Amino acid sequence: MGAADLDVIIVGAGAAGIGAAKRCADLGLSFKVLEASHRIGGRAYTEMIGPKQQPFDLGCHWMHSASLNPMVAIADRLGLGYTTSGWGRLRIVGRDIDTEDDTGWASFYENANERISAAVREGKEAAVVDLVPSDESWTLSWAYVFSLLTSFDPDQVSAVDLMAYNDTGENWPLREGYGYLINRLGADVPVALNTQVTRIDWSGPGVRVETPRGTLSASTVILSVSTGILGAGDILFDPVLPTAKQEAIHHLPLGGHNRIALVFDGPVFGEDPPASLAVQANTEDDVQMSFRINPFGYDYVVGMTGGRYSDWLEDAGPEASVEVALEKLKRVYGSEIAKHLVATNVTAWRGDPWVKGAYSAAQPGHADARAILRAPLSDRLFFAGEATHGSFFSTCHGAYLSGIGAADAAAEVMGVGRVSSP
C-alpha cells in the first residue's frame, strides 16, 4: 500500500465527525473529513422557516442531561440562547381530559420507569413493553412519549439498554437551533462535502478509502456514519466486517422520529398558551400527538411523531403529516386556526439517504451491541456516532463525545498523547 497520506480519515461530518476532527486537530494529527451530504451536521440541522424566517430544528433540539452536556458550555461560548424550563407548562386534552394538572400522567411515568429499573436491577433482559402495565388509562400516552424518546415502540427496545442512558432530567432547547450550534462548532473543520465513501480497504497495514472523487490512504479511519448507513451496506468493506460487528449494527437500528412545523400568521392559541400541548387519542384508531407551542415566541408549533407511526406517516407524505397535526390542533382551538396557517415544514429522516432514520435503540436481548459496535478493528477502524456511546446514545452530545473518544483511541495506537477533555 505504501506510506499513508494521512493519520486519520474521518467518514461523516455530523456531531461525531466534528468532535473527532477537532480532537485530531488538537492532537496534531493529519486528517481529512469526508461527508456524503452537501452540508455538515448530520442529524443536527436547523432551517429558517415561515415569512419571518425563524429557526426550526429538523433533528436534534434538546441539550439533554444538560449539567453533563459539553454543548451547554459551547452554546455559552458562542453566545447562543436556551431555556432551562424544559417542556414548560403542559396542557393535556382528550378522552374527557382538559387539564394543566399532569399529576396522574407524571405518576404513571415515574412508576413505569421504576418498574423497568427494578427489573433491570434484578438482572432481567426483556422488551420494555413487558415491564409496564398494558391496560391503565395512561398506558397509551406513555407508549407515545416512549416512541419520541427512543424513536421506537416499547416492544422493540431492550430494557437494559434503555436503563443504561444517563438521564438527569435536564432537557434544554436552543433558541437559535441545535443544528446552528453544530454548524458554528464545525465551521473551522475542513470537510470535503458531496464526497460519499463507497469502499474501505482495511486489509492492512493502513486503510484505503474510495470515493467517486478518488482514493485516499490513512493509518486509521474513524467511521462516524449512522447504523442506518452501515446496515444498508452503502459502504463496502474489504475484508468484510466481522460477523459480531455486523450483528451489532443489525441490533442497533435507527427508529422513526419526525417533527411537523406549522407556521401561523398570528397568536391563534390565546393570550397565555401552554408551552406544551398533549392531545390524547380519543378512539382506538386515533393516535396521540404532542406539540411545542410557539417555542421562544416563534410563530410556529411543532408536532412530534415516533416509532412505527412516524414511519407510516412519513410514507404517507408531508401533506398527510400536516393534515394530522392540524386536525389535532383544531380539536382544541377550533377550525378557524386553519385560516391562519401560512407555512409548514415536515421532516423525513427515514428517507434521508445519508442517515436513513432517527436514532438508535438496542433490540431486546442485545444491550451489549453498543460496546461491540464501539470496539476498534485491528487498530485501523474506529467507530463513533450516537449508537456507539454507552450512556448518552440517541443524543447529539453523545455523538460528539464518541467522536472525541474515537480520536483519542486512534491517537493512542499511533503513539500520540491525549489532550485535556472539553
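Start by selecting Cys 60 and Cys 396 in this predicted model. The sulfur of Cys 60 has its closest cysteine sulfur in Cys 396, 4.3 Å away, which is too far for a bond. A disulfide needs two cysteine sulfur atoms within 2.5 Å, so this pair does not qualify. In fact, the structure holds zero disulfides.

Now add Cys 24 to your selection. Cys 24 is in no disulfide either, and the nearest cysteine sulfur, that of Cys 396, is 18 Å away. Is Cys 24 buried or exposed? Cys 24 counts as buried because its relative accessibility is 0%.

Stay with Cys 396 and colour helix H12, which covers residues 396-413. H12 has 18 residues, and from its first C-alpha to its last it reaches 26 Å, close to the 26 Å expected at 1.5 Å a residue. While the helix is on screen, here is a handy rule for reading it: an α-helix has 3.6 residues a turn, so residues three or four places apart point the same way. How many residues of H12 are buried? The count is 13 of the 18, so H12 is largely enclosed by the rest of the structure. After the helix, click on Gly 415, where phi is positive, near 80 degrees.

Next, go inside and show the side chains of Trp 142, Leu 262, Phe 264, Leu 277, Phe 291 and Leu 329. These are the residues with the most contacts inside the largest nonpolar core, which has 57 residues. Zoom in on Trp 142: among the residues that Trp 142 touches are Trp 105, Phe 108, Tyr 109 and Pro 154. There is also a second, separate core, this one of 40 residues, and Phe 382, Ile 404, Ala 410 and Ala 411 are included in it.

For a change of scenery, select strands E3 (residues 46-49) and E4 (residues 54-57). The two strands run antiparallel, and four bridges join them. Find Ile 49, and you will see Gln 54 of E4 opposite. Between the strands of this hairpin lie four residues, and in the hairpin Gly 50 takes a positive phi near 75 degrees.

Finish at Arg 77, which sits in helix H2 (residues 70-78). Arg 77 is exposed because its relative accessible area is 61%, over the 50% cut-off. As a last step, draw a distance line from Arg 77 to Arg 121, C-alpha to C-alpha: the two are 40 Å apart in space and 44 residues apart in sequence.

Definitions and conventions. Residues are numbered from 1 along each chain as its sequence is written. This is a predicted model: local features need pLDDT of at least 70, side-chain atom pairs count only at pLDDT 80 or more; totals for chains, interfaces and linings use all residues. Side-chain values use heavy atoms; hydrogens and water are left out. A nonpolar core is a set of buried Ala, Val, Leu, Ile, Met, Phe, Trp, Tyr and Cys residues joined through side-chain atoms within 4.5 Å. Buried means under 20% relative accessible area, exposed over 50%, partly exposed in between (1.4 Å probe, protein chains only). Contact means heavy atoms within 4.5 Å. Two strands pair if DSSP finds at least two bridges between them. The expected span of a helix is 1.5 Å times one less than its number of residues.
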